[in-house]
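Please open the structure in your viewer and keep the sequence panel in sight. Each stop below says what to select and what is found there.

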Amino acid sequence: MNVLRFDSESAWVQGVSTFWRDRLRTNPHLTICLPTGLTPTPIYADMVRSVRAGQASFAQASIYALDEYGDLAPDDPGRTRNMLLEHLIGHVDLPTDAFRFLDPGIPDIEQQCERYDAAIGHSFDLVLLGIGRNGHLGMNEPGSSADSPTRRVELHDTTIASSARYLKHGNLPRWGITVGLKPILASKEIWLLASGPAKADVIQRTIAGEISEDVPASLLRRHSNCSVFVDAEAGRLL
Ligand code: PGA
């Protein structure tokens, strides 16, 4: 696991987006899995700027949403699909049919998840991940196994509480659908992103604690091409 530490949040944003522009230049057909949350938002803004400036293009890329909340109104801005559209996809040159997302409104969720994993195919080229304060990745909560597929999951109380930061309608989701740890760990490259003081403790446990399903992010240490991008605050305990 490579750890890349940056002195400030803006240097951290620049660091991630510089690598991302490079990956898109090297492989314009990049297949990318993207998270929602507050962490990647400034990075998405910089990628929008990069596309507008002609420094990057998603014209031949594909994007898969990492997860989705259940039981939210389709227009809730906290839904992963809506956040990705608002902060990145609605402003870049990605073709409409190159954005895939999970839909909790479809009755047969199991079949939908199987189709999602089949569409992912052998592997993503790149997965970007935020990290929950309990070490979750996407909605793979502590206890998720390393070979878990894309599936419906029940959310932990801390995840439910922190989802309130994104949601409009006040009815907090208790479940969601997430890309599983198996397809995440099969990705050719993984970037774990963390910024701010609230993530310092879990980043320390991820990098220096035991490798365990109790901290799903620690399983990334078994991946041969995983980088952790932290700003000074998130990397404070390293
Ligand atoms: P955040 O969420 O980026 O909003 O902190 C990350 C997560 O819970 O996975």
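The tour visits two helices, a pocket, some single residues and the cysteines. Keep in mind throughout that this is a predicted model.

**Stop 1: helix α1**

Select residues 9-26, which form helix α1. This helix has 18 residues, and the distance from its first C-alpha to its last is 26 Å, close to the 26 Å expected at 1.5 Å a residue. Which residues of α1 are buried? They are W12, V13, G15, V16, S17, W20, R21 and L24. In an α-helix there are 3.6 residues a turn, so residues three or four places apart point the same way. Now add the elements that the buried residues of α1 pack against: the strands β1 (2-6), β2, β6 (126-129), β9 (190-194) and β10 (226-231), and also α2.

**Stop 2: helix α3**

Move on to residues 80-87, helix α3. Colour T80, N82, M83 and L84, which are buried. To see what covers the buried residues of α3, show β2 (31-34), α2 (41-52), β3 (62-65), β4 (67-69) and β5 (99-100), which are included in that cover.

Between β4 and α3 there is a loop, and D71 lies in it. The phi angle of D71 is near 60 degrees, a positive value in a residue other than glycine.

**Stop 3: the largest pocket**

Select I131, G132, R165, Y166 and K199 together. Of the 27 residues that line the largest pocket, these lie nearest its centre. The volume of this pocket is about 570 Å³. Two elements, β4 and α5 (157-163), give two or more residues to the lining. Which element gives the most to the lining? The answer is α5, with 3 residues. By type, the lining of the largest pocket divides into 9 nonpolar, 14 polar and 4 charged residues.

**Stop 4: L172**

Follow the chain to the loop between α5 and β8 (175-178), where L172 lies. Is L172 buried or exposed? Its relative accessibility is 35%, so L172 counts as partly exposed. Buried would need a value under 20%, and exposed one over 50%. Leaving aside neighbours within four places in sequence, L172 is in contact with I160, S163, A164 and L167. For a link back to the second stop, draw a line from the C-alpha of L172 to that of N82. These two residues are 90 residues apart along the chain, and their C-alpha atoms are separated by 16 Å.

**Stop 5: S195**

Next, select S195 in the loop between β9 and α7 (200-208). S195 has a relative accessible area of 17%, and therefore it is buried. What does S195 touch, not counting residues up to four places away in sequence? The residues are E9, W12, T39, D231 and A234. W12 was also met at the first stop, among the buried residues of α1.

**Stop 6: the cysteines**

Finish with the cysteines. A disulfide is a covalent bond between the sulfur atoms of two cysteines. How many disulfides does the structure hold? The count is 0. Select C33, which is in no disulfide: the nearest cysteine sulfur, that of C113, is 13 Å away. C33 counts as buried because its relative accessibility is 0%. C226 is in no disulfide either, and for this residue the nearest cysteine sulfur is that of C33, 14 Å away. At 1% relative accessibility, C226 also counts as buried.

Technical notes
Residues numbered from 1 in each chain as written. Predicted model: local features only at pLDDT ≥ 70, side-chain atom pairs only at ≥ 80, totals over all residues. Heavy atoms only, no water. Disulfide = S-S within 2.5 Å. Buried < 20%, exposed > 50% of the residue type's maximum accessible area, 1.4 Å probe, protein only. Helix = DSSP H or I, 4+ residues; strand = E, 2+ residues; numbered from the N terminus. Contact = heavy atoms within 4.5 Å. Expected span 1.5 Å × (residues − 1). 1 Å grid on protein atoms, 1.4 Å probe; cavity = no way out; pocket = protein on both sides within 12 Å on 5 of 7 lines; lining within 4 Å. Points joined across faces, edges and corners; volume = space filled by probe spheres on them. Nonpolar A, V, L, I, M, F, W, Y, C, P; charged D, E, K, R; others polar.
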